[in-house]
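User: I've got a model open and want to talk through its side-chain contacts. Can you walk me through it?

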Amino acid sequence: MDSRLLKRLSEVVAAYGANPARWPKGERSRLEEAARENPRMLAEAHEIDRVLKLASTPRSSQEGQARFLRAITHEGQAHASNVVSLPSRVLPSPSRAWAWAAAATLAASLAFGIYLGTLDTTDFLFSPDTAANDDPVDLAGLGDVSDYLEDQG
Amino acid sequence: MRGEEGAKAAAGTSDLLADADDGALLSAAARRNRAAFARLVARHYDMVHRVTWRITSGHADTEDIVQDAFLKLWNNPLQVRDSGALRSWLIRVASNLAIDRARRKSPLDIDSLPEPDDDAPSALERTIAEGSANQVDRAIASLPDRQRLALVLIHFEGQSNIQAAAAMEVSVEAIESLLGRARRALKERLKDHWREILEDFGKLGR
């Protein structure tokens, strides 16, 4: 018998066990033939297969599955019940007269600004005292600080 | 009359969903169709649960891990690009979650493994089965993660080497190597009780 085939049989049996149903499909038939002629090659794998058969069986998952599906469904219902559809609110459209009034006010402000810009001074906008006083320190009243400190000292 | 029509329509929809392939169900689930997603859950939940149960050795986290995997799917069904590989995707996500959790927590307390299902017909058989099952379970639980997963997919789930390789994102050669090492390690770990376990197997007439 081909030594390569026997070597392959030993590799396959060591990996997949003695049950040909678990062997790779493409190699199964020729390996089965080789195994029939060399049954002792399967002995150890048979034992391991038997031992694995003694492993515990997983418990049923029906309960967990049902619980999971309930949670998914309830999640959807909870989301749906949280959504309250409100009637769409129609905002009153401003009347045309109000729109014109606002536009006229803005235009007047712009014209006044341009007019002020053409003048050399804006002093006439302030009271005569304020307009005449150019000293910012005096305006802040800080000039009196030294007198105050002397009084305190 | 309208109720009857509604019931017929619902039954028709249910039939359609039952026949729909994973790709169609994933597309529908992406449009938040809960019935389609429920169909996917019904189709794959048991398999993912069995694999996770064996990876975690029946740890109490099993249910959470399986549900986390399905929740990831529900949150973005279109992340499964190849709908034909949904099973592989679910196994990969669930096994990664299981391995991550196991690494974050303290090492698995093998003595706390759950009792096997009560399906043995007599007290004697139950005692034998429990004794051997516990030893085998412990040996499987002590295998490295990837060896254990390969063994679970091929030996317990009956997946082909190509399916298992896709789920684990490794080559078929790597799957064979992992399986071979897993089986050798199993025998090595159980060598002191090997004959007793095989005798137990004989007594159970399995």
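User: What kind of contact do the side chains of Lys7(A) and Glu11(A) make?
Analyst: They meet in a salt bridge, at 3.0 Å from N to O. Keep in mind that this is a predicted model.

User: Where do those two lie?
Analyst: Lys7(A) and Glu11(A) both belong to helix α1 of chain A, which covers residues 3-16. They are four residues apart, about one turn of the helix.

User: And Lys7(A), is that one buried or exposed?
Analyst: Lys7(A) is exposed, at a relative accessible area of 53%. The cut-off for exposed is over 50%. Its partner Glu11(A) comes out as partly exposed, with 34%.

User: OK, how many salt bridges does a search of the whole structure find?
Analyst: It finds 17 over all chains. One of them is between Glu47(A) and Arg195(B), whose side chains meet at 3.0 Å, N to O. Glu47(A) lies in helix α3 of chain A and Arg195(B) in helix α10 (residues 194-204) of chain B, so this pair joins two chains.

User: Let's stay with Glu47(A). Is it buried or exposed?
Analyst: Glu47(A) counts as buried, at 15% relative accessibility. The helix that holds Glu47(A), α3 of chain A, runs over residues 43-53.

User: Which residues does Glu47(A) touch, leaving out those up to four places away in sequence?
Analyst: Lys187(B), Trp194(B), Arg195(B) and Leu198(B). With Trp194(B) there is a side-chain polar contact of 2.7 Å. The side chain of Arg195(B) also makes a polar contact with the Glu47(A) side chain, at 3.0 Å.

User: Now a salt bridge in chain B. What is the N to O distance between Asp68(B) and Arg101(B)?
Analyst: Their side chains meet at 2.9 Å. Asp68(B) sits in helix α4 of chain B and Arg101(B) in helix α5 (residues 86-104) of chain B, so the bridge ties together parts that are 33 residues apart in sequence. Arg101(B) counts as buried at 18% relative accessibility, while Asp68(B) is partly exposed at 30%.

User: Which residues do salt bridges with shared partners join into one network?
Analyst: Lys7(A), Arg8(A), Glu11(A), Glu27(A), Arg30(A) and Glu176(B). So our opening pair, Lys7(A) and Glu11(A), belongs to that network.

User: Switching to the interface. How many residues of each chain are in contact?
Analyst: On the chain B side 45 residues are in contact with 36 residues of chain A. The area buried between the two chains is about 3,800 Å², and carbon and sulfur atoms give 61% of that.

User: How many salt bridges are found across the interface of chain B and chain A?
Analyst: Four. As for individual salt bridges, the side chains of Asp49(A) and Arg183(B) meet in one at 2.9 Å, N to O. Polar contacts across the interface come to 15 residue pairs, with both residues at pLDDT 80 or more.

User: Which helices of chain B each supply at least two residues of the side touching chain A?
Analyst: α3 (34-55), α4, α6 (123-141), α7 (145-156), α9 (172-189) and α10. The largest share, eleven residues, comes from α3(B).

User: Last topic, rings. How many aromatic pairs does a search of the whole structure find?
Analyst: Six over all chains. Take Phe68(A) and Phe70(B): their ring centres are 6.2 Å apart and the planes are at 55°, so the pair is tilted. Phe68(A) lies in helix α4 (residues 62-82) of chain A and Phe70(B) in helix α4 (residues 62-75) of chain B, so this pair joins two chains.

User: And Phe70(B), buried or exposed?
Analyst: Phe70(B) is buried, with a relative accessible area of 0%. Phe68(A) counts as buried too, at 4%.

User: Which residues do ring pairs link into a cluster?
Analyst: Phe68(A), Phe37(B), Tyr45(B), Phe70(B) and Trp74(B). Trp74(B) also has the charged end of Arg32(B) sitting over its ring, 3.8 Å from the centre.

User: What lies over the face of Phe156(B)?
Analyst: Arg54(B) does, at 3.9 Å from the ring centre.

Methods: Residues are numbered from 1 along each chain as its sequence is written. Chains are lettered from A and ligands numbered from 1 in the order in which they are written. This is a predicted model: local features need pLDDT of at least 70, side-chain atom pairs count only at pLDDT 80 or more; totals for chains, interfaces and linings use all residues. Side-chain values use heavy atoms; hydrogens and water are left out. Rings of Phe, Tyr and Trp (its six-membered ring) pair if their centres lie within 6.5 Å; planes under 30 degrees apart count as stacked, over 60 as edge-to-face and the rest as tilted. Buried means under 20% relative accessible area, exposed over 50%, partly exposed in between (1.4 Å probe, protein chains only). A charge sits over a ring if NZ of Lys or CZ of Arg is within 6 Å of the ring centre and within 35 degrees of the ring normal. A polar contact is a pair of N or O atoms within 3.5 Å; within protein, one must be able to donate a hydrogen and the other to accept it, and residues adjacent in sequence count only if both atoms are side-chain atoms. Contact means heavy atoms within 4.5 Å. Buried area is the accessible area (1.4 Å probe) that two parts lose on being put together, summed over both.
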